[in-house]
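Here are some short exercises to work through with the model open beside you. Try each task yourself before you read its solution.

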Amino acid sequence: MAIEIYQCSGLNFEPVAHKYSFHGKEIPSVTSIIKRANLVDERFFNDEGRLRGTAVHEAVFLSIHNILDRNNLHKIIEPYFVQWEKFLIDSRFIPIKRFCESCLFNPTYHYAGKIDLLGNLNGRHALIDIKTGSSIIAPLQTAAYAAMPPIELYRPRRYSLQLKPDRYILTEYTDKQDFIKFIRLLRR
């Protein structure tokens with residue numbers, strides 16, 4: 001089964017280094033721009049949290065593409081994934097598969113990033129950033145992602161979905177100043 005994922009021509013992502021380049025020139029990522037502004041509390045952004053977040057994102061990606069083997073879920077990841085499934089049932093969110101975990105580039109402001117989800121939530125397009133830890137940077141992240149082609153054409157509402165072992169929390173971000181705040185960080 002072939003998985004179709006949106007590809008931004010000329011954009012390259014190195015997952016181990018978490019670095020982006022566009023036609024060979026390194027460009028900043030949404031996360032690195034926010035980190036550079038010291039808005040990420042590194043005490044809570046540790047190796048365990050990164051590994052857990054990566055594994056949960058991978059499980060969500062595989063489930064969206066109908067290729068997840070539930071028997072292979074690690075016992076630490078399973079409760080987070082159960083909350084993902086509960087969110088899907090409760091919200092009736094329908095992901096647009098080709099945009100799940102897609103790397104994108106903003107040609108106007110020259111930054112890149114990987115969106116988690118774009119889909120339909122309550123009859124509207126929604127951009128959702130999945131978190132297994134803090135969602136404090138999600139307003140800026142989602143504003144930056146929503147301004148990238150072709151996502152901007154969908155004019156999505158912006159959300160974070162915090163997956164916790166015992167519940168999920170869906171938070172909408174409506175402050176139109178979030179993108180302006182992000183651009184100020186980019187220009188620092």
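## Exercises on a predicted model

**Exercise 1. A pocket and its lining**

Task: Into how many nonpolar, polar and charged residues does the lining of the second largest pocket divide? Remember as you work that this is a predicted model.

Solution:
- Step 1: Sort the lining residues by type. Six are nonpolar, one is polar and nine are charged.
- Step 2: Add the volume to your notes. The second largest pocket has about 460 Å³. Of its 16 lining residues, R155, P156, R157, R158 and K176 are the closest to its centre.
- Step 3: Find the elements behind the lining. At least two lining residues come from each of α4 (138–146), β9 (157–163), β10 (168–173) and α6 (178–187).

**Exercise 2. A helix and its surroundings**

Task: Why can α4 be called largely enclosed by the rest of the structure?

Solution:
- Step 1: Recall the cut-off: a residue is buried when its relative accessible area is under 20%.
- Step 2: Go along the helix with that cut-off in mind. The buried residues of α4 are A138, P139, L140, Q141, T142, A143, A144, Y145 and A146.
- Step 3: Draw the conclusion. Nine of the nine residues of α4 are buried, so the helix is largely enclosed by the rest of the structure.

**Exercise 3. Pairs of opposite charge**

Task: How many salt bridges does the structure hold? Look up some of the pairs, and say whether each partner is exposed or partly exposed.

Solution:
- Step 1: Start with the total, which is nine salt bridges.
- Step 2: Take E26 and K19, whose side chains meet with N and O 3.7 Å apart. E26 is exposed, at 54% relative accessible area, while K19 is partly exposed, at 42%.
- Step 3: Turn to R167 and D166, where the closest N and O atoms of the salt bridge are 3.0 Å apart. Here R167 is partly exposed at 39%, and D166 is exposed at 56%.
- Step 4: Look at K181 and D175, joined by a salt bridge of 3.5 Å from N to O. K181 is partly exposed at 37%, and D175 is partly exposed at 33%.
- Step 5: Follow the shared partners. Salt bridges link R70, E78 and E85 into one network.

**Exercise 4. One residue in its place**

Task: Which residues does R36 touch, leaving out those up to four places away in sequence?

Solution:
- Step 1: Locate R36 in helix α1, which covers residues 30–36.
- Step 2: Check its surface. R36 has a relative accessible area of 44% and is partly exposed.
- Step 3: List the contacts. R36 touches L185, L186 and R188.
- Step 4: Try a distance too. From C-alpha to C-alpha, R36 and K164 lie 27 Å apart in space, and 128 residues separate them in sequence.

**Exercise 5. The whole fold**

Task: Why can the protein be called as compact as a globular protein of its length?

Solution:
- Step 1: Count the elements. The protein has six helices and 10 strands.
- Step 2: Compare the radius of gyration with the rule. The value is 16 Å, close to the 16 Å that the globule rule gives for 188 residues, so the protein is as compact as a globular protein of that length.
- Step 3: Add the extent. The C-alpha trace spans about 45 × 35 × 35 Å along its principal axes.
- Step 4: Add burial and contacts. Of the 188 residues, 45% count as buried. Among contacts between residues at least 6 apart in sequence, 65% join residues at least 24 apart.

How values were computed
Residues numbered from 1 in each chain as written. Predicted model: local features only at pLDDT ≥ 70, side-chain atom pairs only at ≥ 80, totals over all residues. Heavy atoms only, no water. 1 Å grid on protein atoms, 1.4 Å probe; cavity = no way out; pocket = protein on both sides within 12 Å on 5 of 7 lines; lining within 4 Å. Points joined across faces, edges and corners; volume = space filled by probe spheres on them. Helix = DSSP H or I, 4+ residues; strand = E, 2+ residues; numbered from the N terminus. Nonpolar A, V, L, I, M, F, W, Y, C, P; charged D, E, K, R; others polar. Buried < 20%, exposed > 50% of the residue type's maximum accessible area, 1.4 Å probe, protein only. Salt bridge = Lys/Arg side-chain N within 4 Å of Asp/Glu carboxyl O. Rg over C-alpha atoms; globule rule 2.2 N^0.38 Å. Contact = heavy atoms within 4.5 Å.
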